[in-house]
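Please read the following walk through the structure with the sequence and the coordinates side by side, taking each region in turn.

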Amino acid sequence: MRHSSAIQHNSSTSALALASIGVVFGDIGTSPLYALAAIFKFDKNLINQVAVFGAVSCIFWTLMSVVSFKYVSLILRADNQGEGGIFSMMSLATSVKNLKATTKGVIIFLGVLGASLFYGDSVITPAITILSSMEGLKLFGQELSLLVIPASLTIVIVLFLLQRLGTAIVGSSFGPIMIIWFLLIGINGLNNALDYPAIFNALNPFFAYRFIISHFGMFFVILGAIVLAVTGAEALYADMGHFGRKPIRLAWFFLVLPSLTFCYLGQGAILIQNPDSLSNLFFLSFPAPLFVIVFVITTLAAIIASQAVITGTFSLTQQAIQTGLLPRMKIVHTSLKERGQIYIPTVNTILGTAVVATILFFGSSDALAHAYGLSVTAAMAIDTILAYVVARYLWNFSRLIVVSVTIFLLFFDLSFLIACSLKLFEGGWFTLLLATSMAFIILTWKKGRGLVSDQLIKDTPTLQEIILSIDAHQSQYAIVDNVAVFMTHDEQVAPQALVYNLRHNKIIHRLNIILSVVTTTRPFEVGDDKIQFHKLSDNFYTVRVLAGFMERIKIPKILTRISTTYQLPIKISSVSYFLGKITVVKIRTKEMNFIRATIFRVMYFNSSSAVSYFSIPSEQVIELGVRISL
């Protein structure tokens with residue numbers, strides 16, 4: 001089942017395909033700004049007809065192998081209720097029956113690493129894309145080259161400041177603008193190719209083979225540049241839930257792939273005829289009278305590509321919060337109609353600051369090209385490994401077929417990864433630093449959260465023990481004629497707020513609901529078992545809410561549904577919500593060193609309250625503080 005609003009409104013496949021062009025293909029669609037030129041910029045003396053044929057051929061067959069075959073034809077099959085992305089793949093892989101704990105741990109680690117790599121990519125993509133487009137200013141006069149950095153920073157800052165307004169208005173124009181972009185680069189590329197028909201020889205894979213063999217000593221250096229042509233390929237899978245498999249395939253094969261192919265062919269033709277065009281190959285492949293129009297459209301395309309990455313980062317963060325990999329943060333839904341249109345202030349500030357710092361540090365798209373690619377290729381390899389687990393053990397496909405296809409795909413993935421790793425000291429370290437830092441933070445939060453949970457369970461009686469104690473000492477407690485809801489992570493264990501309320505206030509409510517929200521491995525839970533209701537006694541009930549990792553649960557709505565379904569006398573406006581506010585005062589454990597413990601405490605202290613996260617009316621909330629030491 002797909003939950004995109006577009007699908008809910010029964011839009012046609014063609015309409016969804018057009019809509020997907022602006023969101024799904026923004027990153028890979030702007031790769032012609034720098035991809036082909038990057039192959040020759042490390043040695044301009046390589047430029048000749050055969051070499052250019054080979055370079056263009058390498059890009060074309062990489063697009064066919066990595067994007068058309070791997071992602072569009074294979075990976076898109078691995079949908080989780082129609083949703084895609086690293087967490088969907090991880091959830092599918094971990095849902096395999098009889099999975100060993102060690103194997104499950106490795107899968108989760110790969111999922112965390114893949115997510116961390118995406119965060120690194122989300123910093124570099126806006127920086128290199130916007131820088132590349134602004135470098136077109138040099139065509140209007142060398143003195144304007146001084147404006148490249150200021151103009152890039154201005155666009156980035158404005159873009160991130162506008163995120164709080166939502167992307168509904170901007171998003172509606174993504175598709176049409178990117179369609180114009182693809183038609184522009186495709187038609188211009190075809191025109192340049194027809195002026196030099198020999199360039200069509202580049203579609204012959206023999207030239208790719210010859211290019212690699214004749215420059216085998218620089219094999220990985222060349223691959224490190226070629227991979228720039230497929231950055232953004234993983235977005236096809238990540239955005240599947242918004243548009244569906246068929247519309248994405250339709251858009252790729254009928255518009256995006258032909259346009260990119262003609263564009264690279266045209267750039268190759270221009271480069272052969274005028275090697276000096278390498279200085280700004282993309283813009284110089286257009287007629288001079290069109291420079292202004294091309295510059296404007298390129299800038300818009302760069303902004304759209306950046307916006308798509310920012311939106312994807314918000315979505316990924318929301319999923320990470322739901323699955324317990326990151327602390328709760330304030331999430332603002334900027335549209336009443338679009339489920340996926342969210343804004344996360346904390347992420348926006350950190351990401352915007354990082355992009356600005358990246359532009360200032362590297363200063364040009366050429367310098368950033370060295371840092372680009374490592375996170376993308378590593379994420380591609382992780383996709384292949386997880387896809388193997390899903391295909392072999394969840395779908396029970398033939399071992400021979402699955403292993404053969406996996407080896408073929410990993411050959412490309414690992415070759416590209418090794419190639420990008422060679423640029424480690426030229427800028428690749430930056431990507432690695434971003435990804436490892438994010439992975440460290442996620443794993444620290446996951447570990448610390450587990451330790452806190454274990455400590456709470458260790459020091460807290462079970463819910464059944466509390467109920468038996470109340471029955472045995474009823475005379476000690478005053479009964480309040482009201483409904484109390486106690487939030488908990490585990491309905492078998494007595495909530496700390498309940499224990500403290502009984503111990504210090506000596507109060508029992510007429511109706512006590514112990515409510516837990518459990519995130520599942522599916523994006524959405526819509527079955528009859530979404531709400532699991534159990535009566536423990538005349539005064540106590542447990543409610544277990546199953547939530548998909550892309551859902552937002554609103555507790556008052558859950559209570560309304562329970563009241564109607566089970567005929568409970570719940571007046572929503574007078575319910576008292578008891579929350580335990582936990583303060584971690586010390587962490588003295590061999591399982592976390594001082595640095596990780598400090599980071600966890602800071603994250604825990606700054607995490608958003610369950611009040612806003614679950615849409616609980618703040619005026620009905622009673623928080624009871626709990627101090628624990630680990």
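**A strand and its two partners**

A hairpin of four residues connects strand E5 to strand E6, and this is a convenient place to enter the model, which is a predicted one. Strand E5, covering residues 531-535, runs antiparallel to E6, and the two are paired through five bridges; within that pairing, Ile531 has Val545 of E6 as its bridge partner. Strand E6 also pairs with strand E4 (residues 507-519), here in the parallel sense and over eight bridges, and Thr519 is found opposite Ala547 of E6. How much of E6 is buried? Of the eight residues in this strand, which spans 540-547, seven are buried, so E6 is largely enclosed by the rest of the structure.

Helix H19 invites the same kind of question about enclosure. This helix takes in residues 374-394, 21 residues in total, and the distance from its first C-alpha to its last is 29 Å, close to the 30 Å expected at 1.5 Å a residue. Because 17 of its 21 residues are buried, H19 is largely enclosed by the rest of the structure. After H19 comes Asn396, a residue with a positive phi, near 60°.

Two individual residues can now be considered, beginning with Ser68, which belongs to helix H5, residues 49-74. The relative accessible area of Ser68 is 4%, and since buried means under 20%, Ser68 is counted as buried. When residues up to four places away in sequence are left out, Ser68 touches Leu63, Ser73, Trp252, Phe253 and Leu257.

Asp239, by contrast with a helix position, is placed in the loop between helix H12 (234-238) and helix H13 (240-243). Is Asp239 buried or exposed? With a relative accessible area of 13%, Asp239 is buried, and its contacts, again not counting residues up to four places away in sequence, are with Val23, Val24 and Ile248. Asp239 can also be set against Gln81, from which it is separated by 158 residues in sequence and by 13 Å in space, taken from C-alpha to C-alpha.

The last stop is on the surface, where Phe42, Val221, Ile418 and Leu422 make a nonpolar patch of about 330 Å². One of these residues, Leu422, lies in the loop that runs between helix H20 (399-421) and helix H21 (428-459).

Note on methods
Residues numbered from 1 in each chain as written. Predicted model: local features only at pLDDT ≥ 70, side-chain atom pairs only at ≥ 80, totals over all residues. Heavy atoms only, no water. Expected span 1.5 Å × (residues − 1). Buried < 20%, exposed > 50% of the residue type's maximum accessible area, 1.4 Å probe, protein only. Patch = residues over 30% accessible without salt bridge, like charges linked within 9 Å, V, L, I, M, F, W, Y side chains within 5 Å. Areas by Shrake-Rupley, 256 points an atom, 1.4 Å probe, with all protein chains shown as cover. Salt bridge = Lys/Arg side-chain N within 4 Å of Asp/Glu carboxyl O. Contact = heavy atoms within 4.5 Å. Pairing = 2+ DSSP bridges.
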